[in-house]
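Here is a short tour for someone meeting this model for the first time. Have a look at the sequence and the 3D view, and then we can walk through how the parts meet.

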Amino acid sequence: MLHIDRYTYENRFNDIHPLEKVIFSFGCLIISIMMKNIVVSLFVFIIMSSLTVFGAGVALRFYLKLLLLPLMFLLMSIGTMIISITPKELKTVDIMWSIDLFKWSVYISETSVAETTILIFIVSASISCMYFLILTTPFQGILWVLQKMKVPTIFLELVVFTYHFIFVLWKKTREIHIAQSARLGYQNYRLWLSSLAQLIVGIFIKSIRSAQELNIAIESRGGEESIPQVDGNYRYNRSSYIFIVSIFSMMLLIYCSS
Amino acid sequence: MTLYFWINSYQPVYAMHIMEGFLPIHWAIFWWIVTTPFVLLGIRSIRKKVKENPQVKTMLGLAGAFAFVLSALKIPSVTGSSSHPTGVGLGTVLFGPMVMSVIGTIVLLFQTLLLAHGGLTTLGANAFSMAVIGPLMTYAVYKGSMRLKFSFSVSIFLAAMIGDLTTYLMTSLQLALAHPAVVGGVAASFAKFASVFAFTQLPLAISEGILTVIIMNLIMKY
Amino acid sequence: MKLSPIIEMKNISYQYPDGTKTLKNISLKIDHRKKIALLGNNGAGKSTLFLHLNGILKPTSGSLYFDGVPISYKRKEMKKLKQAVGLVLQDPDSQLFSSTVYEDIAFGPRNLGLSKEEVDQIVNQTMSDTETDQLKDKPPHLLSIGQKKRVAIAGVVAMQPQLIVLDEPTAGLDPYYVKRIIGVLDDLHAQGKTILLSTHNVDLAFQWADEILIMNEGEIISQGLPETVFMNEEILNRSHLDKPWIVEVYEQIQQSSHHKHQPFPKSKKELYSLITERR
Amino acid sequence: MKLSPIIEMKNISYQYPDGTKTLKNISLKIDHRKKIALLGNNGAGKSTLFLHLNGILKPTSGSLYFDGVPISYKRKEMKKLKQAVGLVLQDPDSQLFSSTVYEDIAFGPRNLGLSKEEVDQIVNQTMSDTETDQLKDKPPHLLSIGQKKRVAIAGVVAMQPQLIVLDEPTAGLDPYYVKRIIGVLDDLHAQGKTILLSTHNVDLAFQWADEILIMNEGEIISQGLPETVFMNEEILNRSHLDKPWIVEVYEQIQQSSHHKHQPFPKSKKELYSLITERR
């Protein structure tokens with residue numbers, strides 16, 4: 001499950017300056033949300049997806065699975081938005097389909113279909129931007145950018161510790177889960193609930209121990225006051241900016257011509 | 001062995017995280033602005049605690065990771081979903097709602113970065129419902145039921161469950177504000193979102209309430 | 001009538017979703033009443049192999065046979081397989097998750113759906129077999145590492161498996177606890193169980209096992225009697241293993257000796273009597 | 001002029017708040033340029049002793065001397081002590097918390113208040129000394145256990161301590177990684193550092209160390225040259241330790257030999273040439 005993290009270290013774009021990747025993906029993301037244009041969104045989606053898959057080398061199968069991840073949320077919310085229920089007398093004019101139940105009318109209007117269609121395109125484009133960023137940028141890079149944005153140091157320290165502990169606890173969780181399944185836990189709802197509760201408490205206890213050990217490690221290396229800043233050795237690349245600007249202008253061009 | 005969970009992980013996780021791109025830009029910015037003061041207040045209170053005891057930092061990092069890992073576990077529920085509020089509920093009872101607004105935001109950030117749940121522009125909105133309002137409500141219910149002399153288990157159950165429900169109602173409101181219905185506006189849209197998500201969130205809230213009670217009681221044994 | 005092997009792997013390969021292959025075309029029989037040691041460097045695929053033996057991981061290709069019958073990974077079959085093949089993980093902290101030792105050992109038997117009396121009887125029997133009765137009401141996290149390891153083994157033994165698989169059961173233990181664990185395993189073996197363990201300790205493997213497996217980069221590169229496997233220097237070098245010192249000293253003595261072809265020593269004692277005889 | 005020991009403990013006892021005594025009246029000198037191995041069963045108090053050496057735990061009674069001067073546990077002194085005595089924990093997962101290997105190794109030097117260039121220079125030097133340069137930009141959680149152990153050592157070495165204390169640096173490693181770790185430690189020793197490590201591996205301790213400490217129930221029950229300490233069977237039995245096999249084989253040969261008083265073998269090689277000579 002944490003293989004998104006693995007990809008950030010093993011993709012072909014991992015040593016591109018994180019700021020360039022943030023400007024590029026965030027720029028495209030914000031522009032496509034603001035423009036609300038189907039063609040622009042489609043353009044962004046294609047550019048981002050091909051950069052991620054063919055450029056960075058993320059496995060296509062994995063990328064497709066990631067795209068399906070928010071599908072459930074999307075279907076539920078889109079469905080909710082399309083279908084309207086109102087008292088019969090309040091029906092609007094642009095109805096595509098409707099059914100009357102007692103005093104109520106359930107219907108789909110043309111306006112809502114048009115709105116949700118655009119939304120689906122915007123969301124797809126936005127997700128591809130976000131995936132590009134999170135699949136190609138190592139955590140260290142994200143941290144560097146947050147630091148440049150003057151996010152409070154204490155917040156960043158907590159972020160670093162959280163990141164560390166996520167992997168410690170993740171490993172532990174996996175092991176306990178294996179041990180439980182090997183002894184036939186999780187077989188039915190009741191066992192599932194009790195196995196899960198035991199698993200969570202197991203992680204909790206392990207958590208406290210790792211925190212104690214980490215404190216010893218930090219203290220031993222003279223760091224009880226504050227975690228110093230990260231300084232990544234990143235290099236800016238002029239051609240990245242040329243690429244970014246040209247993509248942005250193409251988006252603008254498509255927007256104006258459509 | 002390293003990657004055992006790779007196989008188990010491809011489940012449709014549809015938490016109540018508003019996905020990337022789903023909010024119009026002005027609403028995304030609005031929720032960022034609303035959330036920031038709470039996070040800043042939380043940071044201030046953490047700074048104070050760290051000054052007294054620097055080890056608080058590792059403890060809080062740990063709490064965040066704990067909530068993150070819980071959120072990635074499958075919870076037995078009719079519909080099956082992720083369990084973000086379980087960790088948040090526990091954390092709120094242990095650390096208080098202000099600190100939880102910071103930890104919750106960090107957890108949401110990692111859910112986006114490592115699990116691709118939620119989004120970056122929608123982080124403000126998600127943080128408001130899950131890291132600000134949810135914990136505030138959890139805390140209020142917990143304190144309230146303790147004052148009403150409910151048993152510990154009942155208080156924890158109510159706090160976790162109502163905190164969870166508040167979060168989901170808040171999310172529905174955020175969606176309704178961003179996408180009001182053509183007829184009936186925000187109110188109609190809210191009614192629709194709230195009732196659709198109720199199918200997944202009601203059983204989940206109860207499951208999580210029970211689970212939080214079991215966990216709290218087990219932890220007390222140690 | 002010859003019994004089928006408890007577990008048989010036929011051409012099993014396993015590939016992670018990102019494409020790394022951790023098991024490559026493994027074929028392997030695990031017979032009844034054996035003491036098997038699996039050796040191999042960190043990352044050779046030993047743990048992945050173990051997770052296949054009780055069906056926690058499903059091979060990408062190839063098939064697993066249990067009692068001569070191919071496993072189809074259906075729920076009911078899985079239950080039988082997991083009951084028959086007990087898995088003890090390396091870190092006992094991951095294996096012990098209940099609030100007392102008794103509860104922990106009872107976890108497996110309860111999941112088998114036994115009655116309260118049956119569970120109680122099995123747990124008590126297991127505790128005496130694994131020398132953990134003294135610890136009954138203690139919480140696992142307060143035990144010493146050596147005690148934890150024994151309780152972890154007890155939790156698996158309580159499911160009455162035919163095959164017990166242990167991932168580095170002696171890692172991090174002092175020699176005294178190593179001896180106790182080995183004693184427990186020998187008792188279980190005497191009761192008719194098959195024991196399969198992984199270890200980095202070639203000396204232990206040589207003296208304890210009656211069959212040695214060596215893994216390297218996802219393949220089993222050697223399998224056989226200890227005295228055969230450990231004579232193959234090419235295999236040992238390839239998997240970064242040392243020769244057991246008993247074998248090495250024996251070879252030195254052989255080289256400098258006039259009468260060759262003595263019986264191969266299987267233990268310290270045998271080696272020393274060989275040295276003394278040479279006087 | 002004789003140098004003072006780096007660290008000296010005088011009558012140090014330590015009692016946990018719940019009353020259990022884990023260290024009992026320990027007196028100990030750690031001299032410059034030594035290779036010391038600390039042996040003792042699980043729970044003997046080895047880790048507690050280590051936490052005293054750099055002042056993380058404060059003794060209940062007795063005193064700690066650093067460079068001949070008693071430590072008063074004031075902030076400034078502690079900083080100097082922690083810089084001079086580097087502690088590598090057993091589980092590298094709890095030690096490596098930064099987002100990349102580089103950042104992790106840089107953590108200590110930065111806390112010493114060095115400039116960015118100095119830090120960079122030290123980190124690069126340390127990475128080449130500990131053979132971790134290849135891992136520079138990797139996050140610790142993606143490393144193998146052998147790599148993690150080396151990075152954990154690097155993080156401590158980067159603070160340029162005089163004494164490096166390691167809690168079971170070879171536990172859970174395969175023989176190949178054990179050799180690499182020992183190689184790194186020997187290099188550090190050659191650069192003038194003192195190395196103190198705990199281990200359960202008597203054979204490793206015997207061949208590597210030039211001083212052996214044995215702990216049992218919170219006391220140091222033996223201290224001295226390997227060839228002396230490992231001849232004392234009473235001490236070995238009390239602390240559940242085996243004799244190193246080189247010593248055992250040597251004794252067997254001595255018993256069956258006519259010409260006694262050969263030089264004591266310190267390595268496999270010496271032992272084998274002894275065997276060959278006897279022809």
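Start with Glu157(A) and Lys57(B), whose side chains meet in a salt bridge, 2.7 Å from N to O. Glu157(A) belongs to helix H8 of chain A, residues 153-182, while Lys57(B) belongs to helix H3 of chain B, so this pair joins two chains. Keep in mind that you are looking at a predicted model. Over all chains, a search of the whole structure turns up 25 salt bridges. How many of them sit between chain B and chain A? The count there is 1 salt bridge.

That brings us to the contact between these two chains. Among the 5 pairs of chains that touch, chains A and B have the most contacts. Chain B puts 78 residues into the contact and chain A puts in 83. The area buried between them is about 7,600 Å², and carbon and sulfur atoms give 83% of that. As for polar contacts, 5 residue pairs between chain B and chain A are counted, with both residues at pLDDT 80 or more.

Which elements of chain B give two or more residues to the side that touches chain A? They are helix H1 (4-8), helix H2 (25-52), helix H3 (56-72), H5 and helix H8 (185-221) of chain B. H3(B) gives the most, with 13 residues. Sorted by type, the residues on this side of chain B come out as 54 nonpolar, 19 polar and 5 charged.

Aromatic rings come into the picture too. The count is 24 aromatic pairs over all chains. One of them is made by Phe139(A) and Phe110(B), a tilted pair with 5.7 Å from centre to centre and 40 degrees between the planes. Phe139(A) is in helix H7 of chain A (residues 139-148) and Phe110(B) is in helix H5 of chain B (residues 97-115), so here again the pair joins two chains.

What about chain B and chain D, which do not touch: how far apart are their nearest C-alpha atoms? The gap is 10 Å.

Now for a look inside chain A. The chain is divided into domain 1, made of 1-83 + 112-137 + 233-258, and domain 2, made of 151-227. Their contact takes 4 residues from domain 1 of chain A and 4 residues from domain 2 of chain A. The centres of the two domains, taken over C-alpha atoms, are 32 Å apart. The rule finds 0 salt bridges across this domain interface, while 2 residue pairs are in polar contact, both residues at pLDDT 80 or more. On the side of domain 1 of chain A that touches domain 2 of chain A, the residues divide into 3 nonpolar, no polar and 1 charged.

The size of an interface is often given as the accessible area lost when the parts come together. Here are the buried areas for the two interfaces in this report.

| Interface | Buried area | Given by carbon and sulfur atoms |
|---|---|---|
| Chain B and chain A | about 7,600 Å² | 83% |
| Domain 1 of chain A and domain 2 of chain A | about 350 Å² | 70% |

Terms used:
Residues are numbered from 1 along each chain as its sequence is written. Chains are lettered from A and ligands numbered from 1 in the order in which they are written. Side-chain values use heavy atoms; hydrogens and water are left out. Domain bounds come from an automatic or database domain assignment. Contact means heavy atoms within 4.5 Å. Buried area is the accessible area (1.4 Å probe) that two parts lose on being put together, summed over both. A salt bridge is a side-chain nitrogen of Lys or Arg within 4 Å of a carboxyl oxygen of Asp or Glu. A polar contact is a pair of N or O atoms within 3.5 Å; within protein, one must be able to donate a hydrogen and the other to accept it, and residues adjacent in sequence count only if both atoms are side-chain atoms. Ala, Val, Leu, Ile, Met, Phe, Trp, Tyr, Cys and Pro count as nonpolar, Asp, Glu, Lys and Arg as charged, and the others, Gly among them, as polar. Rings of Phe, Tyr and Trp (its six-membered ring) pair if their centres lie within 6.5 Å; planes under 30 degrees apart count as stacked, over 60 as edge-to-face and the rest as tilted. Helices (H or I, at least four residues) and strands (E, at least two) are DSSP runs, numbered from the N terminus.
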